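Thanks for making the time this morning. I would like to walk you through one model, going from the overall chain to a single sheet.

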Amino acid sequence: MGSRQVSEWQGRNITVAGLGVSGISAARALARLGAAVTVVDGGDSDAHRARAAELAELGIMVRLGTAAISGSAAGSPLPEGTDLVVTSPGWKPSSPLFEAAAEAGVDVVGDVEIAWRLRGPDAPPWLAVTGTNGKTTTTRMLASILSAAGLRTAAIGNIGTPIIDVVTGDEQYDVLAVELSSYQLHWAPSLRAHSAVVLNLAPDHLDWHGSMKAYAADKGRIYEGNTVACVYNVADPATEDLVREADVEEGCRAIGFTLGTPGPSQLGVVDGILVDRAFVENRQKQAQELAEVSDVNPPAPHNIANALAAAALARAFGVAPAAVRDGLRAFRPDAHRIEHVADVAGVAYVDDSKATNTHATEASLAAYEPIVWIAGGLAKGATFDELVARSAARLRGVVLIGADRALIRDALARHAPQVPVVDLDRTDTGAMSAAVAEAASLARPGDTVLLAPACASMDMFTNYNERGEAFAEAVRALAAEHG
């Protein structure tokens, strides 16, 4: 780190909200730069105290417990003398700490903003990805393509190594593939990417943002100050609207991606080939072949869209067509994202436990036919009528689990009354084995049993990974029974 960076932070009183991975990363980096850092967190478990003890050895003060984040009769939750608050992504804007900061005229920023400010003079450009669904897959696809082009890169941001650690670390990069959540974008006013994409927009996290308009506006921040390309989804006009509203550098272009035949300044699909009509000499008459649909793993429609978005960002950075193909071929999706577990008695069993909202689940259901659908969990305020109405024709049967399964059952009764439904009145972890057994009895050879819950998992499981593992374990047990 240069002396200018150190002097900029030396002696500042900074409060970090949250003792998670990003909070600890921010606290450590700012303390190294000479700031006086206080971390506040509402938790007070043994794990919290252990982390606090580690930070205390670095001279970082930690305040734990409810009073630390909400204040008390004794005073404000904002530590005295604070001149900047750095928040972890999940903290709501309405948090008492932030209200106190606003009253005191103290700025609140996130870890991404700090990372952006800590970049050195030779810092690599950022290719940024956001959207309601597909962010992690697209970011990792992009990193795979950039690596195939021989570029030093990493997939960071909302995934992998904390973004501040990457920016302040010793490893040198040519370009970074950065996944950004709406939370992170909300708190990152200075961010200016080389190129960026909003993959799609659907209602999500509205309890945090307050409205769909506010949620979309935070997603749209990713386009602010782009220098080369703002990539949008032709099938989702709201994403193009955000491009129109963005204040970008002169010469920055709007680039669309589509599952159909692309027009000029778009990437799309023609006869099973991913093609580019954006980064070619003559956009009116030329189309550059990039890869085959079969190079995308898995080649489900929404994943092809992810691949096109990743390709658009890579092409905006000057990557050659062959590297797009090689990067897509080399990419392997994360577990629990449309993951084929096994075929049992002619039926495919697919784990998409990561589909925790209706938008992701609709994309998953669109990839198969006919389907025995396993769904349910915590609805997070979602409604299911639109999802069921659009997917009803694909359903052989449905097995429901979880706390809010009645919401899906009622939507099925309204829009798919002909589809048989098994309602498992269970929220224990063993319910998944029963759900797989029920699904197997409904399925016929050639069908797909699909776990795409459209709900969060915390009513029954620690997270979606554990839910997916429970499904896979039940499927493997079923396969063993069939020899």
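With 483 residues, a compact globule would be expected to have a radius of gyration near 23 Å, and the protein chain, at 24 Å, agrees with that; the radius is taken over C-alpha atoms, and the globule rule is 2.2 Å times the number of residues to the power 0.38. I should say early that this is a predicted model, in which local features need pLDDT of at least 70 and side-chain atom pairs count only at pLDDT 80 or more, while totals for chains, interfaces and linings use all residues. Residues are numbered from 1 along each chain as its sequence is written, and side-chain values use heavy atoms, with hydrogens and water left out.

Of the 483 residues, 54% count as buried, meaning under 20% relative accessible area with a 1.4 Å probe, protein chains only. The protein chain holds 19 helices and 20 strands, which are DSSP runs numbered from the N terminus, helices being H or I of at least four residues and strands E of at least two.

Now to the sheet. Six strands form an open sheet in the order β15-β16-β20-β17-β18-β19, with mixed pairing, where pairing requires that DSSP finds at least two bridges between two strands. Because β15 (339-344) and β19 (421-423) stand at the edges with a single partner strand each, one side of each is left without a neighbour in the sheet. Within this sheet, β17 (residues 371-375) and β20 (residues 448-451) pair in the parallel sense over four bridges, and Ile 374 stands opposite Leu 451 in β20.

Definitions and conventions
Buried < 20%, exposed > 50% of the residue type's maximum accessible area, 1.4 Å probe, protein only.
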